[in-house]
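Colleague: I am new to this structure and would like a close look at a single part of it. Please take the salt bridges and set them in their surroundings.

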Amino acid sequence: MQDIKYLPGVGPKRATLFAAELGIRSVEDLLRHFPYKYVDRSRFYYLHEIHGNMPYIQVKGQILRFDKIGEGKNLRLSAIFTDGKDTIELVWFKGIKFILEKYKPGITYVVFGKPAPFNGKFNIVHPEIEAATQQNIEGLSGLQPFYNTTEKMKSGFLNSRAIQKIIQPLLHNLKNGVPETLPAFLLERFALSNLTESLLNVHFPKDAHALNKARQRLKFEELFYIQLSILRQSKWREQNFKGFIFGKIDHYFNTFYKEYLPFELTEAQKRVIREIRTDVGTGKQMNRLLQGDVGSGKTLVALLAMLIAIDNGFQAALMAPTEILANQHFETIRNFLGDLGVNVALLTGSTRTKARQELHEKLQSGELHILIGTHALIEDTVQFANLGFVVIDEQHRFGVEQRSKLWKKNAHPPHILVMTATPIPRTLAMTLYGDLSVSVIDELPPGRKPIETFHYYQSKRQSLNQFMAKQINAGRQIYIVYPLIQESEKMDLLDLENGYNYIRETFPMYKVSKVHGKLKAAEKDYQMQQFATGQTQIMVATTVIEVGVNVPNASVMIIENAERFGLSQLHQLRGRVGRGAEQSYCILLTGYKLAADTRKRMDIMVRTNDGFEISEADLQLRGPGDLEGTQQSGLPFELKIANLAQDGKMLEIARRTAMEILESDPTLDKPENRILKNQLSKLKTNNINWGIIS
Ligand code: ADP
Ligand code: MG
């Protein structure tokens, strides 16, 4: 691979910048640094042609005058620009002094930008301006590429234009052809253009059609190799990792099922248990993701699966992301099991040394059947006699490394069931967890009433208070949640404190609990307990109560500053209510001025209770990198050109194709597949490991 250092216009300094800022080292890397947008430079537009929803365009003309408008934070610079016939406003919010020094009225400029409607007219915010030269006036070309750079790169004079100048000559040389990275049979089958042509047209497209064709090919390639890599890894694992065989269903499972189960399982729960039973009976190691909306009864499924492990002489562990949740699982499971004779223990950060000692001994002697806890579970000092099954609740809070520790707790890795109430859209699951089996509980236990959701402005607080009083007088309980984000923790806690005081003053006759992450564990537990047992009527909290907490009598969830929460977080919070027989409500409170995206989030919440629909919408609104549930663990790779929110269909085709190929040639040794094998190992050495997530 050719180092970019030697390219004209690069040199050692810029090469270092490229590598440090964008991970670009070779010519190949550079060619796969695709533009993020294009400006139509095929012609100059007239101002009267401007209409809604145009791409980046170029216009030619002069600035008539500058005006500074507003002051302080609201200061903006406005320029009236004319093409000789009509005018349009150019607007800057930053760099005003620089603009005024650099650009003068009466000189002919070429202006690039994206016109946007404002107050019934169009303007262009932060346009790019160049003095008109013979080259930019007459050298009209197709679409001009724009490349991502960083602040550091820009201060090293590596802006988009500079990158374009480095890439352009490369493409001339390319015309002789670059080695193809997809086999001919795939190019033919899907009518994809070859790599040389695609690279040419993605960087300097003649027109929109050529660009589109190039992008199709490059997207397919990207998605296809991800799938091929994941699927091959999963095959490899199947062959090389033996799993414990749970061959029988015996005393514990059967007795529990017949005599202890307080209700009939839903069909979905039964189906998932069958799926798990089949998996753990095969001798391969199970890696299963269990998706089920809040309240769908995942805990019970986990418990039944753990009982199968115990019936086969193994121990089981259940790991929860927070102490509150671990406590609650412990209580729930102890209650379910009653006097069945299964030994269950709880291990968290607050477990005392002495109790811990005892627990360790019982764990090693095999006396303890089920261990429930937080990440305290995976510490090296925690040794099992024979760990066979691990349940991880709310997987996204655990890092990949923590999970891999679990694997080392026995001679073979235990079977793993990962439970999540943040449903992951299909396309994302396929990419991230191509290697996992997925089970879905798509049915709520009978008798649940769908939660009604309302979006109120803060101004409605009076009538909200009346509503709250009515609910409490009817015997219900209420959650009020405040946002808490790291950066402004102090102010957030102040908000919570003020809110708490306001509630105390407004409802002096009711008792109020308060929970946030800064409380000592014992105090938190006490407060939770007070609320769970109905001693307090209102719970004021931060998102620490987001996950899993179960108080069936709570029927109202009020979310303050709902604009500051993401969709799946809102949905999670809403899931804290609607767990009993009573009608439940979720109230989203926001300010009056909302960004368009925020308004959409509120509308979706009001419209639907369906977690899958919500996570799809989340993916569309925020893009996959931002999706809750992936951002904590981080996508294990970065997509350069494909977009999971838009290219779901193509992803499915890519996956099916990869499957077919591996089916007929698992080791990719057939001559026509050699190119695939080479490409995969190249991607591996570039440290792209798509399989790590599971
Ligand atoms: P999840 O963890 O999926 O959000 P839980 O496991 O906490 O949901 O279950 C929510 C509530 O529903 C619990 O009180 C649980 O006991 C109850 N539950 C679970 N399965 C059933 C069922 N089949 N019928 C009735 N209630 C159920
Ligand atoms: Mg749960």
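Is arginine 476 buried or exposed, and what is its relative accessibility?

Modeller: The model is predicted, with a mean pLDDT of 87 for the chain and 92% of its residues at 70 or more. Arginine 476 has a relative accessibility of 15%. It counts as buried because the limit for that class is under 20%.

The side chain of arginine 476 meets that of glutamate 582 in a salt bridge, 3.6 Å from N to O. Glutamate 582 has a relative accessible area of 39% and is therefore partly exposed. The two residues are 106 places apart in sequence, and the pair links distant parts of the chain. Both ends sit in loops: arginine 476 in the one between helix H17 (461-473) and strand E18 (477-481), glutamate 582 in the one between helix H20 (567-574) and strand E22 (585-590).

This pair belongs to a larger set, since the model has 26 salt bridges by the rule applied here. As general background, side chains of opposite charge can pair when their charged atoms come close.

A second example is glutamate 180 with arginine 217, where the closest N and O atoms are 2.4 Å apart. Glutamate 180 lies in the loop between helix H6 (160-174) and helix H7 (184-189), and arginine 217 lies in helix H9, 37 residues apart. Arginine 217 has 0% relative accessibility and so counts as buried. Glutamate 180, at 24%, counts as partly exposed.

A third is arginine 288 with glutamate 275, at 3.7 Å from N to O. Here a strand is linked to a helix: arginine 288 is in strand E10 (residues 287-292) and glutamate 275 in helix H11 (residues 267-280), 13 residues apart. Arginine 288 is buried, at 7% relative accessibility, whereas glutamate 275 is partly exposed, at 26%. Both residues also belong to a network of salt bridges that takes in Arg271, Asp279 and Asp442.

Now for the nonpolar surroundings. Helix H9 (residues 208-240), which holds arginine 217, gives eight residues to the largest nonpolar core, the largest share of it. That core has 51 residues, and those with the most contacts inside it are Leu182, Phe220, Phe224, Tyr225, Leu228 and Leu371. Phenylalanine 224 touches Leu182 and Leu186, and also Ala654, Thr657, Ala658, Ile661 and Leu676, leaving aside residues up to four places away in sequence. Apart from this core lies another, of 46 residues, including Val272, Val301, Leu417 and Ile441.

Helix H6, on one side of the loop with glutamate 180, also gives two or more residues to the lining of the second largest pocket. Strand E1 (37-40), helix H3 (96-102), strand E5 (108-113) and strand E8 (128-131) do so too. The volume of this pocket is about 950 Å³. It is lined by 26 residues, of which His126, Pro127, Glu128, Ile129 and Lys154 are the closest to its centre.

Two stretches call for caution. Residues 627-634 have pLDDT below 50, with 26 contacts in the model beyond near neighbours in sequence. For residues 687-694 pLDDT stays under 50 as well, and the model has 24 contacts beyond four places in sequence. Where pLDDT is low, the predicted coordinates should not be read in detail.

Conventions:
Residues numbered from 1 in each chain as written. Chains lettered and ligands numbered in written order. Predicted model: local features only at pLDDT ≥ 70, side-chain atom pairs only at ≥ 80, totals over all residues. Heavy atoms only, no water. Core = buried A, V, L, I, M, F, W, Y, C linked by side-chain atoms within 4.5 Å. Buried < 20%, exposed > 50% of the residue type's maximum accessible area, 1.4 Å probe, protein only. Helix = DSSP H or I, 4+ residues; strand = E, 2+ residues; numbered from the N terminus. Contact = heavy atoms within 4.5 Å. pLDDT = per-residue confidence, 0-100. Salt bridge = Lys/Arg side-chain N within 4 Å of Asp/Glu carboxyl O. 1 Å grid on protein atoms, 1.4 Å probe; cavity = no way out; pocket = protein on both sides within 12 Å on 5 of 7 lines; lining within 4 Å. Points joined across faces, edges and corners; volume = space filled by probe spheres on them.
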